[in-house]
Amino acid sequence: MGCLLWRMAWRVDAWMHVETITVPGTSVIGLQWGDEAKGKLVDLLSERLHVDIVVRYQGGANAGHTVVVGDAMYKLHQIPSGILSDGVMNVIAPGVVLNPAVLLEEFDGLVARGIPVAERLMISERAHVVFPWHMAEDRAVNMEKVGGEGIGTTLRGIGPCYRDKYGRLSAIRLGDMVGSDFRERIEEVVAIKRRTLAGYSAAIHDEELDAAAIHDEYRRYADRLLPLVGDTTTYLLDAVEADRRILYEGAQGAMLDIDHGTFPFVTSSNSSGVGVSSGTGVPCRWINRVYGVIKSYTTRVGGGPFPTEQDNEVGQRIRELGNEYGTTTGRPRRCGWFDAVAVRYAARLSGVDVLSLMMLDVVSQLPEVKICVAYELDGKRIQYVPSRAAELRRVKPVYETFTGWQQDVTRATKLDDLPAPAHKFLERISQLVGVPIEVISVGPARAQTILALQPGQHDDERTS
Ligand code: IMP
């Protein structure tokens, strides 16, 4: 099946000539541990699919999406990547935990560069808000270890804010911030926080629990955000019923999913495909095309098992070639070979229709390239991702090795421009994951993209 899909995928490279594609609901999901360069794909698809709306539905300021348009580079954290496209509405949905200070900084930065953000952005009144106490708690908790290893969070207060959301009593949503009783609500929550965070006193500074100062600061944010705040759930439900095209932009990656990822070394939201519906309020029947985004190798930031990690010169070389340093925290990313076991799991979990393979230019410079095709656990060959971190730590990757092609592919615009060994590498990935590759990225710019398969083409192949 995989072979067939891949063979069919090779036949067409004429994506530039396709005029209009009717795909009402498309999602873009990272299939590794985040940082798969989803921002570039979202930006491309926003134009390519004539998308009306781009939606962020989980995570928060822990994300970092880099988008290059012409000579300009944009780094986005909370604002959806569709903000750079004319005529596209961008929605921050209820599943996001919003840091208003970071959002407004991003807003001002984009406006200074001529992007009319206010006309293109709507934020859910249901989105939960990150407060200074969340960041303080994140710092404190981040010092703790799970089985001898720290989670290594981004320190953006994400976990503590989601914890408050599920705990309910000390949660504050964006809609509460614009209400007349906001001051009383802050005082109430600060009183709870003083009691519950007492044990963390060394890590929590006075100003992080100063109700009056926090109220004044967040009131100012609320005044600026008010024109953007609304009921995005109804807006999106109306939009799908009116056949408007929507692109759902995932943050992080499926392997960091709170329920299905490498728990507890995960983020606190559903970062795989399963999160789209709960985060937006749009039933999954409206999402009919899922792009899974992968890099030609693997990276991970923070703690947790990483079977194909190359903590050696190879990893260092990948890091340099791929400039693998965090967009949000600047941390050097852990680097390793492509893990087909993890990606196949993530693709199935997210209902992926097609793959978008990013950073092919990076492995194109290496003398040899490996793909992990299976794991060995306690002497037995397995094809699944063990759910327990302790077991996943013990697995040994089984590799297939490819001779490197060591060629500059950054100017390739069609499949025929790629050398034969690169074709072999891509074919094997598609086969192992069981999904055709539609998009191949060979550099950060929009133009450095190869379309291997016309959108919609594989659907016919599958049913034929
Ligand atoms: P948190 O989301 O800040 O709580 O961090 C939890 C884990 O997810 C840590 O290992 C982070 O490094 C990782 N993480 C969070 N956001 C991203 C991201 O955007 N890219 C890659 N890793 C992330």
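## Exercises on a predicted model

**Exercise 1.** In this predicted model, decide whether R168 counts as buried or exposed, and describe its backbone and its place in the chain.

*Solution.* R168 has a relative accessibility of 65%, and because the cut-off for exposed is over 50%, R168 counts as exposed. The next step is the backbone, where the phi of R168 is near 75°, a positive value in a residue other than glycine. Most residues other than glycine have a negative phi. Finally, R168 is placed in the loop between α6 (158-167) and α7 (174-177).

**Exercise 2.** Carry out the steps of the first exercise for D243.

*Solution.* D243 has a relative accessible area of 59% and is therefore exposed. Its phi is near 65°, again a positive value in a residue other than glycine, and D243 is found in the loop between α10 (232-241) and β10.

**Exercise 3.** Describe how helix α3 packs against helix α9, and state which residues meet.

*Solution.* Begin with the geometry: α3 (residues 100-112) and α9 (residues 211-225) pack at an angle of about 45°, with their axes 10 Å apart. That angle makes α3 oblique to α9, and the crossing of the two helices is left-handed. Turning to the residues, P100, A101, L103, L104, F107 and D108 in α3 meet Y218, Y221, R224 and L225 in α9. These contact residues divide into 8 nonpolar, no polar and 2 charged.

**Exercise 4.** Which peptide bond is cis, and where does P264 lie?

*Solution.* The bond from F263 to P264 is cis, with omega near 5°, whereas most peptide bonds are trans. P264 lies in the loop between β10 (246-249) and α11 (275-280).

Methods: Residues are numbered from 1 along each chain as its sequence is written. This is a predicted model: local features need pLDDT of at least 70, side-chain atom pairs count only at pLDDT 80 or more; totals for chains, interfaces and linings use all residues. Side-chain values use heavy atoms; hydrogens and water are left out. Axes are lines fitted to C-alpha atoms, for helices over the stretch in contact, and angles run from 0 to 180 degrees between N-to-C directions. Helices (H or I, at least four residues) and strands (E, at least two) are DSSP runs, numbered from the N terminus. Angles under 35 degrees count as roughly parallel, over 145 as roughly antiparallel, 65 to 115 as roughly perpendicular and the rest as oblique. A crossing is left-handed if the near helix is turned anticlockwise from the far one by less than a right angle, and right-handed if clockwise. Contact means heavy atoms within 4.5 Å. Ala, Val, Leu, Ile, Met, Phe, Trp, Tyr, Cys and Pro count as nonpolar, Asp, Glu, Lys and Arg as charged, and the others, Gly among them, as polar. Buried means under 20% relative accessible area, exposed over 50%, partly exposed in between (1.4 Å probe, protein chains only).
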